[in-house]
Amino acid sequence: MTDFGEEMPFIVLYESRELMVNTQCMICNMIDFIKSATKHFDLEIELATEQGELKGISQEGVYFKMANDFISEREPLILLRVERMGEQMKGKARYLPLLHDPNVINASFLTNLAKHGPDSRKNQKTGRLQIPSKDDKSSNNSKSKDSTDNERKKTPKSREKSTK
């Protein structure tokens, strides 16, 4: 058993396995560790939540940042293979899950993964990817469509009761 001290690791899900990874390191070290432990030395990798939200570790400019700025402790993440599309596609990437679990990698996950690819979060002014931090409530803890629809249907009085 690996001793992580007081820090709690996050879990990388791949193939049919789980890998515990420390968040107290630079992203470059974390990527090297994940590639080594999973034996995917030659792949460009990315991580996504179980809902299909990208963490952005494969993006330019984050290689020497701290992993815990992007990843929450105990957070289960899916290991993805990144396939770059080349110059004609202007650097677009395709993300392929390396987890073989139909309970997680389902139509909803794949739809969300496609929606939240690098082009969907680019800043219109700079053209750069806007990477959500672990504290960004809007991207990591977004409500499902059903709960949002239910909130809209409630009258103001019933909203007050539900928040008490």
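Helices (H or I, at least four residues) and strands (E, at least two) are DSSP runs, numbered from the N terminus. Before you start clicking: this is a predicted model, where local features need pLDDT of at least 70 and side-chain atom pairs count only at pLDDT 80 or more, while totals for chains, interfaces and linings use all residues. Residues are numbered from 1 along each chain as its sequence is written, and side-chain values use heavy atoms, with hydrogens and water left out.

**Stop 1: aspartate 101**

Select aspartate 101, in the loop that links strand S5 (93–97) with helix H2 (107–115). Its relative accessible area is 26%, so it counts as partly exposed; the scale runs from buried (under 20% relative accessible area) through partly exposed (in between) to exposed (over 50%), using a 1.4 Å probe and protein chains only. Now add asparagine 103: its backbone nitrogen sits 2.9 Å from a polar atom of the aspartate 101 side chain. Then pick leucine 13, which is 88 residues away from aspartate 101 in sequence, yet 9.4 Å away in space, C-alpha to C-alpha.

**Stop 2: the S1–S2 hairpin**

Leucine 13 is a handy cue to show strand S1 (residues 10–14) with strand S2 (residues 17–21); the two run antiparallel and are joined by 5 bridges. Strands pair if DSSP finds at least two bridges between them. For one example, select valine 12 and look across to its bridge partner in S2, leucine 19. As you look at the side chains, recall that in a regular strand they alternate between the two faces of the sheet.

S1 and S2 make a hairpin with 2 residues between them. Which residue in the turn has a positive phi? Click on glutamate 15, whose phi is near 45 degrees, a positive value in a residue other than glycine. Most residues other than glycine have a negative phi. Glutamate 15 has a relative accessible area of 24%, so call it partly exposed.

**Stop 3: the loop between S3 and S4**

Next, go to the loop between strand S3 (44–48) and strand S4 (76–84) and select lysine 55. Is lysine 55 buried or exposed? It counts as buried, because its relative accessibility is 2%. Show glutamate 75 too: the side chains of lysine 55 and glutamate 75 make a polar contact at 3.1 Å. That term means a pair of N or O atoms within 3.5 Å; within protein, one must be able to donate a hydrogen and the other to accept it, and residues adjacent in sequence count only if both atoms are side-chain atoms.

In the S3–S4 loop you can also pick arginine 74. Its phi is near 65 degrees, again positive in a residue other than glycine. With a relative accessible area of 58%, arginine 74 is exposed.

**Stop 4: the aromatic pair**

The structure holds 1 aromatic pair. Select tyrosine 63 and phenylalanine 64: they sit edge-to-face, 5.2 Å centre to centre, with 85 degrees between the planes. Rings of Phe, Tyr and Trp (its six-membered ring) pair if their centres lie within 6.5 Å; planes under 30 degrees apart are stacked, over 60 edge-to-face, and the rest tilted. Tyrosine 63 is partly exposed at 40% relative accessibility, whereas phenylalanine 64 is exposed at 61%.

**Stop 5: two cysteines**

Finish with cysteine 25 and cysteine 28. Why is there no bond between their sulfurs? They are 8.0 Å apart, too far for one, and a disulfide needs cysteine sulfur atoms within 2.5 Å. The structure holds 0 disulfides. Cysteine 25 is buried at 16% relative accessibility, and cysteine 28 is buried at 6%.
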